[in-house]
Amino acid sequence: METQIQETLLDTQPTLFVSEQTEGGLWGTVLNQLDDVARRLKLNPGIHAILRQPERELTVAVPVMMDDGLIKVFTGYRIQHSSARGPCKGGIRYHPEVNLDEVRALASLMSWKCAVVNIPYGGAKGGVRCDPAQMSEDEVCRMTRRFTAMIMPIIGAKRDIPAPDVNTNSQTMAWMADTVSMLERKTVIDIVTGKPIPLGGSLGRTEATGRGVAIITEELLKRVGQNLSDTTVAVQGYGNVGSNAATILNQMGCKIVAVSDISGGLYNPHGLDIAGINKHVAAHPQRLLEGYEAPGVDGITNAELLTCDANVLIPAALEHQIRADNAPDVQAKMIIEAANGPTTRGADEILNDRGIIVVPDILANAGGVVVSYFEWVQDLQCFFWDEDEVNQNLKRIMVRSFKQVYDFAQEQVVPLRLGAYMLAVDRVAGAVRARGIFP
Ligand code: NAD
């Protein structure tokens, strides 16, 4: 049976790689990575073609009555890359630069991420092209509710479960769950994760991605024989992921020497007072580092942070921050990719040649989706765990996944990124093969 499927695919699909898709940007990077892995795995060309294209792409028009009485129409997307391993899973992003290719790329990354940590999900992503900074909370709420109604036909607890991403949060998820509940006239909380605790959210979800980044850093340091207390860390981006990663690593004993956000960066070679910085950020109207001052702390730019003197660099802001132009100057010996796609392909080659170890995003920042999975499990069972149970299970999965990727990469003599993608693509391909082609 398997041979038959493979032969059919080989016969009918070898010419699918016409370049109808833009090869630039993050989507180009993700496709190039898949092509490289497919070659190394000697993946059946038909299965390769399946994985190269998202399963389902929905573009929706989202009309919103603005506060001034005028109507604005926003464009929204929900893209399901693969449901081979389970219901699709992925965040919703509100940003002026959201576009089809970006959402495609992020949806594919979710398939690989769920596979690399071996949780029973496929990958999806969604977003609305808008600038939430220019909108009132009421406008964002109305946009969220209309967007949810428009994508409702393809989401669901056993179909596709959205979560927060850039510029969306637990409140956005609460509006989404409430919209579906109102339209279906019953309580539907298992349709999204990252919800507030009183609405079926999970304890530990907010810190989960940063905690996962910290656990991965600890595991890598063990492998290279370096103590946490002898380690200096620089973190770019001080939002949910960056601030939690910095705080937890600091509690574990690391010295955080540099942090930054959109307003600029702070540097102290003797270690920053992370608790003091957190207090400052919590009191700042836009939750920024801007205006923080302390003895021994110098201001640095984001560009300087990426090349500052630290053992570990954690990019936790946006994509494509480490590029061919700044990769030669990176001083860190280890990079833990907390953001999605922070390293360009050109930079990756330079970093590899320089012997810098890069833990790829699909592994390093998977803590968030792992605890989203725990939230979904708790919602489906209507039985909730305490925070210790969440954190212990997160640690178990992150440590296991790191070990699998690290050992596999050593065995194959490839960098961690390639090892992680090879494991992930092989798992998704295995599920596609086992299901066969419908009908
Ligand atoms: P966030 O919006 O809470 O924080 C982003 C941070 O980056 C902010 O401090 C912001 O000021 C800073 N920033 C923005 N532009 C910058 C720039 N040009 N230079 C330096 N700093 C800049 O977002 P987040 O949830 O922390 O997500 C950060 C990254 O992690 C994104 O790539 C996201 O896709 C990824 N990620 C997030 C989660 C999650 O659970 N939140 C999970 C996996 C991956």
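What follows is a chat between a biologist and a modeller about how features of this predicted model get their labels.

Biologist: Let's start with the first sheet. What makes S1 and S5 edge strands?

Modeller: Look at the strand order, which is S1-S2-S4-S3-S5 in an open sheet with mixed pairing. S1 and S5 (160-164) each have a single partner strand, so one side of each has no neighbour in the sheet. Neighbouring strands here are turned by 20° against each other on average, direction ignored.

Biologist: How do you know that S3 and S5 pair, and in which sense?

Modeller: Pairing takes at least two bridges. S3 (residues 88-95) and S5 have 5 bridges, in the parallel sense, so they count as a pair. Gly91 stands opposite Ala163 in S5, for example. Helix H6 (residues 170-184) packs on the sheet there, touching S3 and S5, and its direction makes about 145° with that of S5.

Biologist: And what joins S1 to S2?

Modeller: Those two run antiparallel, with 10 bridges between S1 and S2 (residues 71-82). One partner pair is Arg56 with Gln80 in S2. The hairpin has 5 residues between the strands, and Gly69 in that hairpin takes a positive phi near 90°. S2 also runs antiparallel to S4 (residues 122-129), over 7 bridges, with Thr75 facing Arg129 in S4.

Biologist: Why is Met65 called partly exposed?

Modeller: Its relative accessibility is 43%. Buried means under 20% and exposed means over 50%, so a value in between is called partly exposed. Met65 is in strand S1 (residues 56-65).

Biologist: What makes Met65 eligible for a nonpolar patch?

Modeller: Patch residues need over 30% relative accessible area and no salt bridge, and Met is on the nonpolar list. Met65 has 43%, so that cut-off is passed. Together with Ile71 and Val73, Met65 makes a nonpolar surface patch of about 320 Å².

Biologist: Now the charged pairs. Why is Arg93 with Glu102 called a salt bridge?

Modeller: The cut-off is 4 Å between a side-chain nitrogen of Lys or Arg and a carboxyl oxygen of Asp or Glu. Arg93 and Glu102 come to 3.6 Å, N to O, so the pair qualifies. At 7% Arg93 falls under the 20% limit, so Arg93 is buried. Glu102 has 13%, so Glu102 is buried too. Both belong to a salt-bridge network with Lys125, Asp165 and Glu319.

Biologist: How do you know that Asp101 and Arg104 form one?

Modeller: Their closest N and O atoms are 2.8 Å apart, and the limit is 4 Å, so they count. Both lie in helix H4 (residues 100-116), 3 residues apart, about one turn of the helix. With relative accessible areas of 16% for Asp101 and 14% for Arg104, each is buried.

Biologist: What makes Lys195 and Glu375 a link between distant parts of the chain?

Modeller: Their side chains meet in a salt bridge at 2.7 Å, N to O. Lys195 is in the loop between H6 and H7 while Glu375 is in helix H13, 180 residues apart. Both are buried. Across the whole structure, the search finds 22 salt bridges.

Biologist: Why are Arg287 and Cys382 called exposed?

Modeller: The bar is over 50%. Arg287 has 53% relative accessibility, so Arg287 is exposed. Cys382 has 63%, so Cys382 is exposed as well.

Biologist: What is the phi of each?

Modeller: Positive, although neither is a glycine: about 55° for Arg287 and about 50° for Cys382. Arg287 sits in the loop between helix H9 (274-283) and S9, while Cys382 sits in the loop between helix H13 (367-381) and helix H14 (387-412).

Biologist: What makes the peptide bond from Phe438 to Pro439 cis?

Modeller: Its omega is near 5°, and the bond is assigned as cis. Pro439 lies in the segment after helix H15 (416-435).

Biologist: Last one: how do you know that Arg223 is partly exposed, and what does it touch?

Modeller: The relative accessible area of Arg223 is 36%, between the 20% and 50% limits, so "partly exposed" is the label. Arg223 lies in helix H7 (residues 205-224). Leaving aside neighbours within four places in sequence, Arg223 is in contact with Phe402, Lys403, Tyr406 and Asp407.

Note on methods
Residues are numbered from 1 along each chain as its sequence is written. This is a predicted model: local features need pLDDT of at least 70, side-chain atom pairs count only at pLDDT 80 or more; totals for chains, interfaces and linings use all residues. Side-chain values use heavy atoms; hydrogens and water are left out. Patches are made of residues with over 30% relative accessible area and no salt bridge: like charges are joined within 9 Å, nonpolar side chains (Val, Leu, Ile, Met, Phe, Trp, Tyr) within 5 Å. Accessible areas come from the Shrake-Rupley method with a 1.4 Å probe; for residues, only the protein chains shown count as cover. Helices (H or I, at least four residues) and strands (E, at least two) are DSSP runs, numbered from the N terminus. Buried means under 20% relative accessible area, exposed over 50%, partly exposed in between (1.4 Å probe, protein chains only). Axes are lines fitted to C-alpha atoms, for helices over the stretch in contact, and angles run from 0 to 180 degrees between N-to-C directions. Contact means heavy atoms within 4.5 Å.
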